[in-house]
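Got the viewer open? Here is a short tour, one selection at a time.

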Amino acid sequence: MAAVAGVTGPTPGAPGPAAEPPPTPDGPVRVLIVDDDPLVRAGLSMILGGVPDLLVVGEAADGSEVPAAVAAYAPDVVLMDIRMPRLDGLAATEALRALPRPPEVLVLTTFDADDQVLRALRAGAGGFLLKDTPPAEIVRAVHRVAAGEATLSPTVTRRLIDHVTGPGPAAGPDPRRERALRLLAGLSEREREVAVALGQGRTNAEIAAELYMSVATVKAYVSRLLTRLDLNNRVQVALLVHDAGLV
């Protein structure tokens, strides 16, 4: 993806699709749109601006404008393009996630940028959308990321990670795999089962059904995994499981 140059205020939008889950308790989810294509920015503003519990607070046309836009508009979620002329979305995501209280980042991409998306997810992005994602799915994804449920489409997740990581090396040490195995070895059996389910792209409800837990218990396990593994979100847990070769 790519949207008027410079950082701008919110763009009025036409009515958009209904969304789930419900809004956060402290008001609508504040969204910053970052894309170098004015038409894309306008389209996203129309989609999101018509949803009662979403608020498009600003726009930026390049990654270099993101720090100022975040400081000015205090978004909950940054909808981030990858390919931009001066500073790409990958570098902007890495910089944002290094902040003490960063907004969530939802990356916008095409399937031919798999390796770049993987880098963004490792940097702590909450997930990604393909450019042809239907409007209702964009709204749902923004809500999920804002709620800390950084889930990816299971099918896209498997295709993406399998395509990027591919088979491991035939011989010799693999530092990333060794690190992942070392971290996961410190988990309890149940924690490991939940981690593997995340690596398979399962939702909380699917994990609950598969492992005979309540959804609340699954959420507690996910929170515990993030703390024990020192990770930002469940996407990074999934990547760690893939690095370890467990899925």
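Which residues in helix 8 meet which residues in helix 10? Keep in mind that you are looking at a predicted model. Start by selecting residues 189–199, which are helix 8, and then add residues 215–229 for helix 10. Now show side chains. On the helix 8 side, pick Arg-190, Glu-191, Val-194, Ala-195 and Leu-198; they meet Tyr-221, Val-222, Arg-224, Leu-225 and Arg-228 of helix 10. Colour this contact by residue type and you get six nonpolar residues, four charged ones and no polar ones.

Next, hide the side chains and look at the two axes. They come within 10 Å and cross at roughly 95 degrees. Angles of 65 to 115 degrees count as roughly perpendicular, so that is how helix 8 and helix 10 sit relative to each other.

From helix 10, step back to the loop that links it with helix 9 (204–211) and select Tyr-212. What is the sign of phi at Tyr-212? It is positive, at about 55 degrees, even though Tyr-212 is not a glycine. Turn on the surface here: Tyr-212 counts as exposed, with 77% relative accessibility.

Last stop: Ala-74. Find this residue in the loop between helix 2 (66–73) and strand 3 (77–81). Ala-74 is another non-glycine with a positive phi, this time about 45 degrees. Is Ala-74 buried, partly exposed or exposed? With a relative accessible area of 47%, Ala-74 is partly exposed.

Methods:
Residues are numbered from 1 along each chain as its sequence is written. This is a predicted model: local features need pLDDT of at least 70, side-chain atom pairs count only at pLDDT 80 or more; totals for chains, interfaces and linings use all residues. Side-chain values use heavy atoms; hydrogens and water are left out. Axes are lines fitted to C-alpha atoms, for helices over the stretch in contact, and angles run from 0 to 180 degrees between N-to-C directions. Helices (H or I, at least four residues) and strands (E, at least two) are DSSP runs, numbered from the N terminus. Angles under 35 degrees count as roughly parallel, over 145 as roughly antiparallel, 65 to 115 as roughly perpendicular and the rest as oblique. Contact means heavy atoms within 4.5 Å. Ala, Val, Leu, Ile, Met, Phe, Trp, Tyr, Cys and Pro count as nonpolar, Asp, Glu, Lys and Arg as charged, and the others, Gly among them, as polar. Buried means under 20% relative accessible area, exposed over 50%, partly exposed in between (1.4 Å probe, protein chains only).
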